[in-house]
Amino acid sequence: MSRIDGKAVAAKLRDEVAEKVEHFRRKVGRAPGLAVVLVGDDPASNVYVGAKGKATVEAGMESFTHRLPAATSEGELIRLVRRLNADEKVDGILVQLPLPDHIDADRVIDAIDPKKDVDGFHVINAGRLSVGQDALVPCTPYGCLHLLKQQLGDLSGKHAVVIGRSNIVGKPMAQLLLQENATVTIAHSRTRNLPELARSADILVAAVGRPEMVKADWIKPGATVIDVGINRLPPASEGEKGRLVGDVDFAGAESVAEAITPVPGGVGPMTIAMLLRNTLVAAYAREGLDAPGI
Ligand SMILES: NC(=O)C1=CN([C@@H]2O[C@H](COP(=O)(O)OP(=O)(O)OC[C@H]3O[C@@H](n4cnc5c(N)ncnc54)[C@H](OP(=O)(O)O)[C@@H]3O)[C@@H](O)[C@H]2O)C=CC1
Ligand SMILES: Nc1nc(=O)c2c([nH]1)NC[C@@H]1CN(c3ccc(C(=O)N[C@@H](CCC(=O)O)C(=O)O)cc3)C=[N+]21
């Protein structure tokens with residue numbers, strides 16, 4: 001019935017971050033800094049990295065972008081991460097995924113100082129989240145939770161079905177929902193009767209990477225649907241860019257769901273806003289200041 005305007009919610013969050021950045025600058029005498037590392041020249045990744053740099057600067061933070069050739073070795077990348085760990089001006093480090101096949105992403109993430117791990121991918125942060133301690137929380141699921149709380153208020157007792165169990169979206173999403181007292185089911189490629197399971201959800205989160213897989217008849221009337229998928233369809237004609245679609249068949253789902261996030265303009269902008277928020281939180285913590293409260 002209604003579209004959840006992630007772009008607008010993200011803009012508001014970014015304004016709040018910018019205000020706190022100003023406070024930080026006055027107090028500490030420098031801006032919070034975010035380092036983004038991109039290995040190789042995947043065009044899609046390039047776009048995200050550019051957008052992140054721009055948003056960082058717009059929030060009043062300092063942006064350091066490291067573009068490395070695709071042939072960079074794991075050792076070289078880890079040495080760069082260590083340099084960024086030691087760099088006083090860097091509060092947050094994000095290494096863009098996926099990495100080329102010859103680099104083990106786990107080893108690279110392990111090398112990031114957990115205090116600067118603004119993606120929330122380090123096992124220390126994943127562990128803290130799962131036991132309910134203060135943690136840097138992965139930006140995409142945190143953004144989804146923000147939208148859900150804004151839409152629904154209290155999530156207690158609601159049945160949430162998360163489709164997808166990746167370490168960067170599905171698993172942390174499930175942890176966050178559990179923390180909010182939802183009853184959580186995690187579905188994946190081996191799940192049986194997925195349409196039926198999805199239909200039992202009050203909250204349905206799709207994080208699969210399959211264009212428009214979730215159909216209207218998988219959705220319980222009145223459910224809230226969060227579409228994390230970012231899929232580029234093949235171009236309709238030559239020289240064009242393909243359309244961007246989510247994991248949910250939006251046109252069909254919109255009339256069944258109470259509220260649903262569009263793609264683009266839903267979860268994507270929230271991810272970037274949460275990255276800025278995490279960088280701010282990391283900067284405050286590194287300087288021994290009280291948490292900024294956002
Ligand atoms: N908006 C944003 O900011 C972001 C968007 N994304 C997008 O979200 C999507 C998911 O990303 P990510 O979690 O990294 O993806 P992964 O490929 O890591 O994980 C996909 C998950 O979906 C499950 N899956 C695959 N096929 C099916 C199926 N047919 N039925 C049920 N489950 C299935 C997989 O199951 P199994 O584990 O069994 O293989 C897996 O758990 C992608 O479209 C990605 O582009 C990602 C990050 C940020
Ligand atoms: N270490 C790491 N951290 C990440 O957070 C990370 C990553 N690697 N690798 C890639 C994925 C993907 N991701 C997106 C961020 C913003 C949009 C976004 O802003 N999308 C816009 C539209 C973008 C467009 O038009 O292309 C929207 O949905 O409205 C999308 C996707 C972060 N990721």
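Student: What share of the 294 residues of the protein chain counts as buried, and what makes a residue buried?

Tutor: Here 44% of the 294 residues count as buried. A residue is called buried if 20 or more other C-beta atoms, placed from the backbone, lie within 10 Å of its own; 12 or fewer make it exposed, and anything in between is partly exposed. Bear in mind that this is a predicted model, where local features need pLDDT of at least 70, side-chain atom pairs count only at pLDDT 80 or more, and totals for chains, interfaces and linings use all residues. Residues are numbered from 1 along each chain as its sequence is written, while chains are lettered from A and ligands numbered from 1 in the order in which they are written.

Student: Why does the radius of gyration agree with a compact globule?

Tutor: The rule is 2.2 Å times the number of residues to the power 0.38, with the radius taken over C-alpha atoms. For 294 residues that gives a value near 19 Å, and the protein chain has 19 Å, so the two agree.

Student: Which residues come nearest to ligand 1, and what makes a residue near?

Tutor: A residue is near if its C-beta atom, placed from the backbone, lies within 6 Å of the molecule. Of the 25 residues around ligand 1, Ser166, His188, Ser189, Gly209 and Thr271 come nearest.

Student: Which helix gives the most to the shell around ligand 2?

Tutor: That is helix 10, with four residues; helices are DSSP runs of H or I, at least four residues long, numbered from the N terminus. Helix 10 (residues 267-286) also gives the most to the shell around ligand 1, with three residues.

Conventions. Helix = DSSP H or I, 4+ residues; strand = E, 2+ residues; numbered from the N terminus.
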